[in-house]
Amino acid sequence: AGFNPINQISFRMADFAGLREMHRRLEREGVKELAPVSHGNALSVYFKDPEGNRIELFVDTPWYVDQPVRVPLDMRLSDAELWAWAERDARARPGFRPVEEWRAVLRARLERSR
């Protein structure tokens, strides 16, 4: 077809330590276009596999923010520094709230619409 109809393949990681380790491995292997980002509601690492498919590895954060958000993430920061930065950035975004609060509002809206 001359193009890939799949936008990306996303994998939720069990924890941030696993995401960080995969980022390190990809760096060591010389993967090009390695892009760690914050979406406010998730921390992600994007890259292309050998066939050119875009892959996303991510962990959820405990926050909700209106989308779209894509802010470069500095993986050189310590875990504590990175999470503190991610929370500060998320708090400054429209729609910020704890994800559980956002889910409760969404559930209530769904119940009212039935």
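Arg24 counts as partly exposed, because its relative accessibility is 39% and the partly exposed class runs between 20% and 50%. Arg24 forms a salt bridge with Glu21, with the closest N and O atoms 3.6 Å apart. The model is predicted. The protein chain has 114 residues, and 31% of them count as buried.

**Salt bridges in helix 1**

- Glu21 and Arg24 both lie in helix 1. They sit 3 residues apart, about one turn of the helix.
- Glu21 also forms a salt bridge with Arg28. Here the closest N and O atoms are 3.7 Å apart.
- Glu21 is partly exposed, at 26% relative accessibility.
- Arg28 is exposed, because its relative accessibility of 61% is over the 50% cut-off.
- A network of salt bridges links Glu21, Arg24, Arg25 and Arg28.
- Side chains of opposite charge can pair when their charged atoms come close.

**Salt bridges elsewhere**

- In helix 2, Glu87 and Arg91 are 4 residues apart, so about one helical turn separates them.
- Glu87 and Arg91 form a salt bridge, and their closest N and O atoms are 2.9 Å apart.
- Glu87 counts as partly exposed, with 27% relative accessibility. Arg91 counts as exposed, with 51%.
- The salt bridge count comes to 10.

**Nonpolar core**

- The largest nonpolar core has 18 residues.
- Phe16, Leu19, Leu43, Leu57, Met75 and Leu82 have the most contacts inside this core.
- Four elements are listed as giving two or more residues to the core: helix 1 (16-28), strand 3 (42-48), strand 4 (54-60) and helix 2 (79-91).
- Leu57 touches Leu19 and Leu43, leaving aside residues up to four places away in sequence. On the same basis, Leu57 also touches Phe11, Met13, Met22, Leu26, Ser44, Val45 and Phe47.
- In soluble globular proteins, nonpolar side chains tend to be buried together.

**Ser38, a buried polar residue**

- Ser38 lies in strand 2 (residues 35-38).
- Ser38 is buried, because its relative accessible area of 1% is under the 20% cut-off.
- A polar atom of the Ser38 side chain lies 3.1 Å from the backbone nitrogen of Gly40.
- Ser38 touches Leu43, Val69, Arg70, Val71, Leu73 and Trp85, not counting residues up to four places away in sequence.

**Nonpolar surface patch**

- Ile6, Ile9 and Phe11 make a nonpolar surface patch of about 260 Å².
- Ile9 lies in strand 1 (residues 9-12).
- Ile9 is partly exposed, with a relative accessible area of 32%. Ile9 can therefore belong to a patch, since patch residues need over 30%.

**Overall fold and surface**

- The protein chain has 3 helices and 7 strands.
- From the N terminus on, the elements run β-α-β-β-β-β-β-α-β-α.
- The C-alpha trace spans about 50 × 40 × 25 Å along its principal axes.
- Among contacts with a separation of 6 or more, 55% join residues 24 or more positions apart.
- The protein chain exposes about 7600 Å². Carbon and sulfur atoms supply 53% of that area.

Key:
Residues numbered from 1 in each chain as written. Predicted model: local features only at pLDDT ≥ 70, side-chain atom pairs only at ≥ 80, totals over all residues. Heavy atoms only, no water. Patch = residues over 30% accessible without salt bridge, like charges linked within 9 Å, V, L, I, M, F, W, Y side chains within 5 Å. Areas by Shrake-Rupley, 256 points an atom, 1.4 Å probe, with all protein chains shown as cover. Salt bridge = Lys/Arg side-chain N within 4 Å of Asp/Glu carboxyl O. Buried < 20%, exposed > 50% of the residue type's maximum accessible area, 1.4 Å probe, protein only. Core = buried A, V, L, I, M, F, W, Y, C linked by side-chain atoms within 4.5 Å. Contact = heavy atoms within 4.5 Å. Polar contact = N/O pair within 3.5 Å; in protein donor to acceptor, adjacent residues only side chain to side chain.
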